[in-house]
Amino acid sequence: MATTLSAQDNETLKQIWQPPAGILSFFTAVNHRTVGLRYIITGLTFFILAGIAALLMRLQLMFPENTFMNAELYNQFFTMHGTTMMFLFAVPIMEGVGIYLVPLMIGTRDMAFPRLNAFGYYVFLISGIVLWVSLLFGSAPDGGWFAYTPLTGPRYSPGIGTDFYATLLTFLELAALVAAVELAVTILKLRAPGMSFNRLPIFVWAILVMSFMIMFAMPSLITASAQLALDRTMGTQFFNPTNGGDPLLWQHLFWFFGHPEVYIIFVPALGIVSTVLPTFVGRPIVGYFYLVLSLVAIGIVSFGLWVHHMFTTGLPILGLSFFTIASMMIAIPSGIQIFSSLATIRLGKPVFKTPLLYVLGFIIIFVIGGITGVMVAAVPLDTQVHDTYFVVAHFHYVLIGGAVFPLFAGLYYWFPKFTGKMLNERLGPIGFWLTFIGFNVTFFTMHFTGFAGMPRRVYTYLPDLGWDMLNLISTLGSFVLAAGIGVFFIDLIFGLWRGKPAGDNPWGASTLEWATTSPPQPYNFASIPIVHSRDPLWDANGELETYAVEPYLGRRETIGTSVLDARPEQRVELPKPTITPFILALATAFTFISLMVNIVLVPIGGILIALSVVAWHWTDIEDHKAKEVKQEPEGALPSSAIISSKGRHPTFWWGILFLILIEAVVFASLIVSYFYLRAGAEEWPPELVGRPDLLLPTINTVILLLSSIPIYLADHGIQRGNQRRLKMGIVGSFILGAMFVVIKFIEYGNVNYAYGWTRTAYTSIVWMIILYHTVHVITLLIKTCVVGIWAFQERFDSERNAALQVNGLYWHFVVLIWLPLYATIYLSPYVLGSGS
Amino acid sequence: MQTTQFLTPMPLPLQINPPYSLDPRGPGAAHIADLWWIMFFLGTAIFLLVAGLMFFGLFGRQDQSAPNEQQGLRWIMLGGIVMPAIVLLVVFGITIRSAVLNANEVGTGEITVEVVGHRWWWEVHYPEHSVVTANEIHLPVGVPVEFILRSNDVIHSFWVPQLGGKMDLIPGRQNTLILQADEAGIYRGECAEFCGLQHARMHFMVIAHTTEEFEQWIESQQAVAVQPQGELARRGEQVFISAGCVYCHTIDGLDDGAVDRSDSDLGPNLTHLASRTTIAAGTLENNRGNLSGWIANPHGIKPGVLMPATLLPGEDLQALVTYLETLQ
Amino acid sequence: MEDRVLRLDNQAHIKQAGLHQRLILITIFLSLVLGLSACLGDANQSSMAMQSEHQSLEGGDSERGQQLLYDYGCGSCHTIPGVPGANTYVGPPLNEWSQRHYIAGSLPNTPENLITWIQNPQQIEPGTAMPILGVNEQEARHMSAYLYSLGN
């Protein structure tokens, strides 16, 4: 049933989606294209900064015993180079491209949670700026982007530099995680009608896989960086070997994130390749199903490789060979990607435009990086090349070849869509060739430098070791590379300034983003397109069938569709421009920076965050008072707003589901930390502390478990329209939850724990787990207060109760996750005895 | 100890080889170099295949028949799945073989050397011979040596490229590594794990001798320092004590009034300083000029090093250096 | 251990690295193709080029002198342009040496005085911190040749 909008509705649509104007608009914009472009531009800025840092390092290494830069500065530079490239450039820019393109490619008007999206950007921006400002003041982190403990611990890195790293990284991961959650929800719930999973563009698949990878990988880093920050500021002992801590715990947690991180960057890049390539060879990509499967396989297998960064730490050889085979296995899905590209090139008719050049450059460079990747996966060879320039060469081949080249291809490809202007086809190839040649001169040479015995992360080297010429060549090459990238940026700026106007679809591409104007209207699509195939624009023969969403409620809306087959299900409300994300980001930043400066300020930050959250939701409630009176026309899809959602699970239910997934991984990494520390301890718990008391915690556990029952009854009751049961249930669960928290505090007043969390690694991890969980229960109580107020105002009925469902879901999660925590902390010392 | 009389006498003079890991001088590094060359040729073949297919696709003549998907899927099947699977099995096989070969050939260590990593130097013990030295490890040629690796502060990594792979020194843990030198010579070692400010200047030397020479060396290192001859050197000995050097550096046999060094970050044992090739952890050749400059201000050479600058009158500096040069 | 045995022979390193250098030939070729090596210079490089013209001192080879200044560890106390690692300020910096008028604040800066000073500073100024390094006359001549090439 294809429908289109009337002319009058079109006018209304324009009005509703009017972007904010004026100076304040920078802080109020929430539209995905604005936020996406900001991510891309900010990411490129950090790319330039980190690139300049790299050039300066290359100048220092140009000659042996060079004095261009001292050791202190050099160490800060390589730390900032790595940290910036990974956390402030590669991941954010891939997310930014996804945030800009995914809604367009799946035919919707915005992300599922635009405000959260804006919030994520501000978090990213603030942490990036603070990190670089620290460099200006000469106190940037200097322990490497991998920040191995105990070098980065309080004893060996006493300054504030590493605090910046540990704290800001934890903060920055928030941005990555919110982007991952909303990208995943957007892809699952907001696809255009008819866009079932087998019609999803490869790029969107890649972003979906990337989002899930972020959700599984980042929590491990958050746990580790939080532990490091606590070690540094609170005096906990997680990584201090003299008090039961273990430096290798950091390495495990870090690389469990750090290895997938490489693929988090690489997977969307593969998506770009498989999107750009078909357009320039004029045929669909070969082996769509193989490609999708291999993307998913890469996502999964990448979690089994982290130990290959630790081949020289003296782990048992048998375990290492498992990681060898797993690391080599990933060559198969990567091989599928490459051969799919080769087959597509073979079967198509290539048109040599700049984006295609970058894709071809990707194939050449990435294959070399992949081959050296298989080499370093072999334990014996890795023990030679690990931490040498060979590895530097390898991962620059993988990251620059595997991510930067595709990214540049993508930026050339989508620039007309972003700006409505074409880039210069004469400057493009010049930039490409300089980049390609400069890159290879710089980094191919480094393979030899590594075999010549030069370790990484050295600020200078002795003359006459056979490294002089190699380093000189690399430095010269790096300037050619920089020139190429310079040409690229000049091309972008020149294109913005006086590029020829681009039509809607200048390349004759097949995906939905090219069905909009260039640049798109604020609402992307006046009517939502209906999709019948994988290449809608090639198969539509001119006219796309569309599905109209009449703007009769006078608010920003789009269609929510079912997860599997994308049938229209609900009208998803989207927020107006608002400043609250910015305020919340500031409040959160304040809290995190307080952690570094003065712990006393943290509660103030907590209050600021709470106030910002209230302000955030305040507008929702106000809006609803006005809107609920309007009559919905016959046959309209049910709406999905925060209180009054009816029908299927609203988008924010999915958001909470993914939040739970993330939280579960955080708790899992805490439990893993506990048992890892236990395995390395002689005595666990230490004699000094003794086994925990069982009585009070067990009673408390029962209380917490019981609290799930009233919540369940309340949910159940309201679905039958029973308001009384709803109110009783909420009050009941609130009381039980509050009892749990009170008893926890009583328990921790007990002498048993008076030793404090700074005593040994054991007390540190127990305190951390319990505190973290208690904070969850307190959050739960606050949330329940809000839902309770709505319940007593009788805003819910048998159909409109999504907020309750969401609250219930989260409640049950917090209760259930306590069981493994209880077993770990209280039961395991009795069941497993006292240590190895 | 195993004797290796059949080996030819050590060629003189010894040369320090560049630390080139593909120029192996021990079984560990040799097996790895072999593994590398096999992988290199396999990798090159695969790269040429992929590049060839790419150029064939770009510039090769199109099939007259309509391009078909089936052909493309065949490429993916063969090139993306079958070929990597076979290559990986082969590579995995030779990797395991290399590890096993190395383990068999080197076996267990016949001499034990304990290496403790410090920021930024190496403390070396020969527990079986009661010898302590620093930044310089002497080995007999052809004898597998077991290194026991520990760290006192942060993580370091022990690496002698020409003898074998590297192994980390991790605080709170103990790792072992067995290396063997097949040829007499001086091999460079590096710290391969970033360990802070002066990670770049944390080298060491591995000196491989014939067994006789090694035993001679052990014997010479077991001796304690005797009262030096000559007025200047004796004055230097006093300077060593009065200028505070003794608070971090031990000289066995020196009557230093039993200084308590347990609380400080200790510096290298200097009992046989003059017999070492280098100072400042392989950074400088051990000669009079370097030694003087190093003592006067180590921070000019190795900024951030834990050794403080020592402000001495010129004559005291001369005397101190003269004394240190007697510590053969 | 004899001194002779353990002397670091830096020239020998370079010859030893033959295999290695063959491998890097390819990359050298690449950079030559780019023709960029000529455009970028540095103090290190230019002083190398200069010194060959300034063998003003009779019998002194400034190139050998540069190597000797490194081998004897002069850089541990003095800043000497063109000598790797010579960036310290224990003694006076020797940049622009040919512009200096006095050695050790008393001796006129002539080649003969410099050669004597390098060999035996204690004789000229008893109590100076500069040690007698055992440099012979010919070596001191080479070193002086290099030093006089600085600041010309």
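Let me begin with a definition: two strands count as paired if DSSP finds at least two bridges between them, and helices (H or I, at least four residues) and strands (E, at least two) are DSSP runs, numbered from the N terminus. What we have here is a predicted model, in which local features need pLDDT of at least 70 and side-chain atom pairs count only at pLDDT 80 or more, while totals for chains, interfaces and linings use all residues. Residues are numbered from 1 along each chain as its sequence is written, and chains are lettered from A and ligands numbered from 1 in the order in which they are written.

With that in place, I will start in chain B, where β1(B) and β2(B) form a hairpin with two residues between them. These strands pair in the antiparallel sense over five bridges, and Val115(B) has Val124(B) in β2(B) as its bridge partner. On to the next pairing: β2(B), residues 121-126, is joined to β3(B) by four bridges, again antiparallel, with His125(B) bridged to Val132(B). By contrast, β1(B), residues 111-118, and β5(B), residues 145-151, run parallel and are joined by seven bridges, and here Thr112(B) is partnered by Glu146(B).

Which order do the strands take in the sheet? It is an open sheet of five strands in chain B, with the order β3-β2-β1-β5-β8 and mixed pairing. The edge strands, each pairing on one side only, are β3(B) (131-134) and β8(B) (175-179). On average, neighbouring strands are turned by 25° against each other, direction ignored, where the axes are lines fitted to C-alpha atoms, for helices over the stretch in contact, and angles run from 0 to 180 degrees between N-to-C directions.

Now to the interface, taking two residues to be in contact if their C-beta atoms, placed from the backbone, lie within 7 Å. By that criterion, 66 residues of chain B are in contact with 66 residues of chain A. On the chain B side, α1 (27-59), α2 (69-106), β7 (167-169) and β9 (185-191) each supply at least two residues, and α2(B) gives the most, with 19 residues. By class, that side has 39 nonpolar, 19 polar and eight charged residues, counting Ala, Val, Leu, Ile, Met, Phe, Trp, Tyr, Cys and Pro as nonpolar, Asp, Glu, Lys and Arg as charged, and the others, Gly among them, as polar.

Next, the packing, where a nonpolar core is a set of buried Ala, Val, Leu, Ile, Met, Phe, Trp, Tyr and Cys residues joined through C-beta atoms within 7 Å; a residue is buried if 20 or more other C-beta atoms lie within 10 Å of its own, exposed if 12 or fewer, and partly exposed in between. The largest core has 371 residues, and Val267(A) and Ala409(A) have the most contacts inside it. Its largest share, 22 residues, comes from helix α7 (residues 202-233) of chain A. Apart from it lies another core of 24 residues, including Phe652(A) and Tyr810(A).

Why is His617(A), in helix α19 (residues 601-627) of chain A, classed as partly exposed? Because 13 other C-beta atoms lie within 10 Å.

Finally, confidence: pLDDT is the predictor's confidence in each residue, from 0 to 100, and chain B averages 87, with 92% of its residues scoring at least 70. For residues 1-14 of chain B, however, pLDDT stays under 50.
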